[in-house]
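Dear colleague,

Please find below the structure that I am handing over to you, together with its sequence. A summary of what was found in it follows.

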Amino acid sequence: MFQSARLKLTAWYLIIIMIISLLFSLIIYGGINRELERFSYFRQTRIGMYRFTEHVLPSPFDPEMINSARERIVTVLIFINIGILGLSGVASYFLAGKTLKPIKKMVDEQNRFVTDASHELRTPLTSLRTEIEVNLRDKKLSLEAAKKLLESNLEEVINLQKLSDHLMSLAAYHGKNGSIVFEKLQLAKVIEESIKKVQALSKTKKISLKKDIENSEIMGNRQSLEELFVILLDNAVKYSEGNTVVKINSKKNDGVVVTKVEDQGTGIDQKDIPYIFDRFYRADKSRSKDKSSGYGLGLSIAKKIVELHGGKINVESKPGKGSVFTVSLLVS
Ligand code: ADP
């Protein structure tokens, strides 16, 4: 598809260049021809005058010479046009490739996104379907077993809903490049709202959330920044054992506000750290089959949000000890 689009674009470039080149050639030929005719007319009048006075003009410009000059000009113009056709053909092909490169990258990226998303959707849908089919075939299915099945199905559906929300979020942030609406925000309030959203899960797991926030005014998008801290806090709680502590602290330093989300959880293996911000990447593959873990989209959304705010996000982690995610944003 890319190759045929490149050839089509090359053809369009060539058509435009050749139309311009032929028009120029016609104008040049017309101009020179007019000059030759004027000169020939002038010569004839002068010759007439000389004949009248019985002088013979030593003329190097007889009509035949003028005609052959015309022919030579046409030949030169044809050669110039063939040269332009060849050169611009090569240049157009090169330029068409350059023009289409970012479009190709975007299309490839979108295709990958659709393939990854369909793959991720297929796995839970298949397990949901199998579970329902197996239980429906069971003639002696008790009410208690049916309830358990419904509970399990509900959990799958909630996870699928989360997946679709994350996919939509990711697609929206990718389309937004630079067009996100910013306002003046109190970072402490944003973090407070994010904490509220993960409190239910942290209470269930008996994990205490501790905060130490130095308020800063920043230019940002409230909804997306809340989403960013919810992702980091949710992960910190999700990947920690019960009765541990998750800390969030924020400090201003040299025009930058640095927020750290720290947990005492499972930690991340060094080999996984370069990839955890990639779409659909889950560090612990065995744990990723667990229904409570996500689909590997949270951190890629977090990274995109930080990038849209011109900030930085990184992680330090020790397996078995815990992780610290650091977000640096500019103070307004
Ligand atoms: P998920 O929805 O699977 O949590 P994320 O993109 O949020 O996806 O995270 C990618 C992977 O990074 C996770 O699968 C997990 O293995 C690892 N990870 C993220 N945050 C933490 C954390 N606080 N502690 C341990 N591992 C983490």
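**Findings**

Read from the N terminus, the elements of the chain follow the order α-α-α-β-α-β-β-α-β-β-α-α-β-β. That amounts to 7 helices and 7 strands. Please note that this is a predicted model.

**Overall form**

The radius of gyration of the chain is 37 Å, whereas a compact globule of 332 residues would have one near 20 Å. The C-alpha trace spans about 125 × 65 × 35 Å along its principal axes. Of the 332 residues in the chain, 33% are buried. Where contacts link residues at least 6 apart in sequence, 77% of them join residues at least 24 apart.

As to the surface, the chain exposes about 21400 Å², and 62% of this area comes from carbon and sulfur atoms. The chain carries 50 positive and 38 negative charges, and the mean positions of the two sets are 1 Å apart.

**Two buried serines**

S202 belongs to helix 4, which covers residues 187-204. This serine counts as buried because its relative accessibility is 3%, and the cut-off for buried is under 20%. Its side chain reaches the backbone oxygen of Q199 at 2.9 Å. Leaving aside residues up to four places away in sequence, S202 touches I207, L209 and V237.

S250 is located in strand 4, which comprises residues 245-253. With a relative accessible area of 0%, S250 is therefore buried. The side chain of S250 forms a polar contact with the side chain of T259, at 2.9 Å. T259 is also among the residues that S250 touches when those up to four places away in sequence are not counted; the others are L187, I191, D212, I213, E214, V257 and V258.

**Helix 7**

Is helix 7 mostly covered or mostly open? This helix, residues 298-308, is mostly covered, with 9 of its 11 residues buried. The buried positions are G298, L299, S300, I301, A302, K304, I305, V306 and L308; a lysine, K304, is thus listed among them. Just after helix 7, G310 adopts a positive phi of about 70°.

**In brief**

For your own inspection, the following points may serve as places to begin:

- the radius of gyration of 37 Å for the chain;
- the polar contact between the side chains of S250 and T259;
- the buried residues of helix 7, including K304.

With kind regards

How values were computed:
Residues numbered from 1 in each chain as written. Predicted model: local features only at pLDDT ≥ 70, side-chain atom pairs only at ≥ 80, totals over all residues. Heavy atoms only, no water. Helix = DSSP H or I, 4+ residues; strand = E, 2+ residues; numbered from the N terminus. Rg over C-alpha atoms; globule rule 2.2 N^0.38 Å. Buried < 20%, exposed > 50% of the residue type's maximum accessible area, 1.4 Å probe, protein only. Contact = heavy atoms within 4.5 Å. Areas by Shrake-Rupley, 256 points an atom, 1.4 Å probe, with all protein chains shown as cover. Lys, Arg positive; Asp, Glu negative; His and termini not counted. Charge placed at Lys NZ, Arg CZ, Asp CG, Glu CD. Polar contact = N/O pair within 3.5 Å; in protein donor to acceptor, adjacent residues only side chain to side chain.
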